[in-house]
Amino acid sequence: MSSNSTDDSPFAFSPQTVPALVFMVFILPINGGVIFLIASYSSLRTPSNIILASLAVSDFLVGLVGIPLLLACTYTYISPICISSYTFFTFMALSTVLHITVMTCDRYIYIVWALRYRDIVHRKRVLIVLGITWFLSLTSLVRLSWTWNLNIETAPEDLEPMHQKETTLFLFNVIVFFLIPLIIMSVLDTHMLLLLRSQCQRIARENLPTEFEKRERKLQRRRQRAVLTCVLLLTLYVIFWLPYFILEIVQQTHNDNLHPMTVFAIYYLRLCTSMFNPLAYTLRKRDLKSKVRYIAYNLFPKLAADTVENRTDQFPLSSRTDL
């Protein structure tokens with residue numbers, strides 16, 4: 001037998017690998033499926049769906065690049081790899097919150113200026129805004145300019161200015177790319193919900209024709225669903241990323257060592273965003289959900305037959321209501 005045992009190998013299996021691989025298995029196909037859907041069907045390439053596709057690309061990169069970097073850092077502790085992993089997830093945090101902000105602004109225009117929506121929001125402007133979004137996210141790579149050559153042999157006097165830069169950059173990112181977007185989105189979401197509520201109350205007060213009232217209520221439900229999707233994405237972002245920001249603040253201001261499992265759980269909690277984002281907007285957006293159902297029925301005809309049979313059982317073919 002070899003004198004080097006498996007336990008001594010730096011690449012020995014670790015329990016931390018399991019959740020990372022599970023996340024990767026879900027993140028890649030789910031986000032890849034959203035990108036494929038929107039890219040393959042011209043009817044889905046609307047301005048709002050282009051924003052969702054861009055967010056899906058951001059989340060897809062977490063499974064393609066982020067998780068492998070995180071695992072490589074966990075196993076090797078090589079300084080450039082760990083620095084790249086930290087910087088990449090900072091980039092993804094900025095990208096996610098900026099995409100959700102753009103999505104919220106898109107829905108705000110759709111609800112507040114419904115008649116002018118197509119004039120204000122069109123593909124060219126959306127692509128320009130998304131380009132700015134990716135550029136702002138990539139500004140997180142600036143920290144590589146002073147951390148790339150960092151290693152255990154770096155002198156303490158050289159670490160102090162580096163630590164000050166890290167603290168300044170972190171506080172800047174938290175304020176500019178977390179707190180300010182959070183306030184903006186909270187205000188916009190609240191305004192949209194209050195506006196939809198007042199519109200529903202106005203419809204209830206007015207003596208409108210039945211067909212017109214049904215059409216208006218259906219439109220209000222569709223708009224409300226869009227707003228609640230933005231609220232859901234924002235809520236998921238806060239739930240999954242706020243513990244990480246708190247952890248960073250604690251580590252920046254205190255030298256206390258937290259329990260490794262706590263740090264492990266918080267670090268992997270960030271990955272949930274990339275898995276739940278596509279599920280949230282795909283299941284709540286009618287055009288995407290309809291296309292997914294259409295593809296599923298074509299791939300599995302028996303599923304379509306069972307669905308039709310269940311609907312037939314619930315709603316008899318006879319038009320008589322007294323049966």
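This is a short exchange between two people on how labels in a predicted model are justified.

Modeller: The model is predicted, so local features need pLDDT of at least 70, side-chain atom pairs count only at pLDDT 80 or more, and totals for chains, interfaces and linings use all residues. Residues are numbered from 1 along each chain as its sequence is written, and side-chain values use heavy atoms, with hydrogens and water left out.

Colleague: What makes up the fold, in helices and strands?

Modeller: Twelve helices and zero strands. Helices are DSSP runs of H or I with at least four residues; strands are runs of E with at least two; numbering starts at the N terminus.

Colleague: Why is cysteine 73 called buried?

Modeller: Its relative accessibility is 15%. Buried means under 20% relative accessible area, exposed over 50%, partly exposed in between, with a 1.4 Å probe and protein chains only. The value for cysteine 73 is under that 20% limit, so cysteine 73 counts as buried. This residue lies in helix α2, residues 47-76. Its C-alpha is 8.6 Å from that of isoleucine 83, ten residues apart in sequence. Over the protein, 39% of the 323 residues count as buried.

Colleague: Why is leucine 171 called partly exposed?

Modeller: Its relative accessible area is 44%. That lies between 20% and 50%, so leucine 171 is partly exposed. Leucine 171 sits in helix α7, residues 156-205.

Colleague: What makes a nonpolar patch with Leu171 in it?

Modeller: Patch residues have over 30% relative accessible area and no salt bridge; nonpolar side chains (Val, Leu, Ile, Met, Phe, Trp, Tyr) are joined within 5 Å, like charges within 9 Å. A salt bridge puts a side-chain nitrogen of Lys or Arg within 4 Å of a carboxyl oxygen of Asp or Glu. At 44%, leucine 171 passes the area limit. Its partners are Ile175, Leu179, Ile180 and Ile184, and together they have about 400 Å² of accessible area. Areas come from the Shrake-Rupley method.

Colleague: Which residues gather in the patch of positive charge?

Modeller: Lys218, Arg221, Arg222, Arg286, Lys289 and Arg293. Lys and Arg count as positive, placed at NZ and CZ. Helices α8 (210-253) and α11 (286-299) each supply at least two of the residues. Arginine 293, in α11, has 33% relative accessible area, so it is partly exposed and over the 30% patch limit.

Colleague: How do you know that residues 20-39 are helix?

Modeller: That stretch is 100% helix and 0% strand, with end C-alpha atoms 28 Å apart. UniProt, in an unreviewed entry, lists residues 20-39 among its "transmembrane region" features; such annotations may be inferred rather than shown by experiment.

Notes:
Accessible areas come from the Shrake-Rupley method with a 1.4 Å probe; for residues, only the protein chains shown count as cover.
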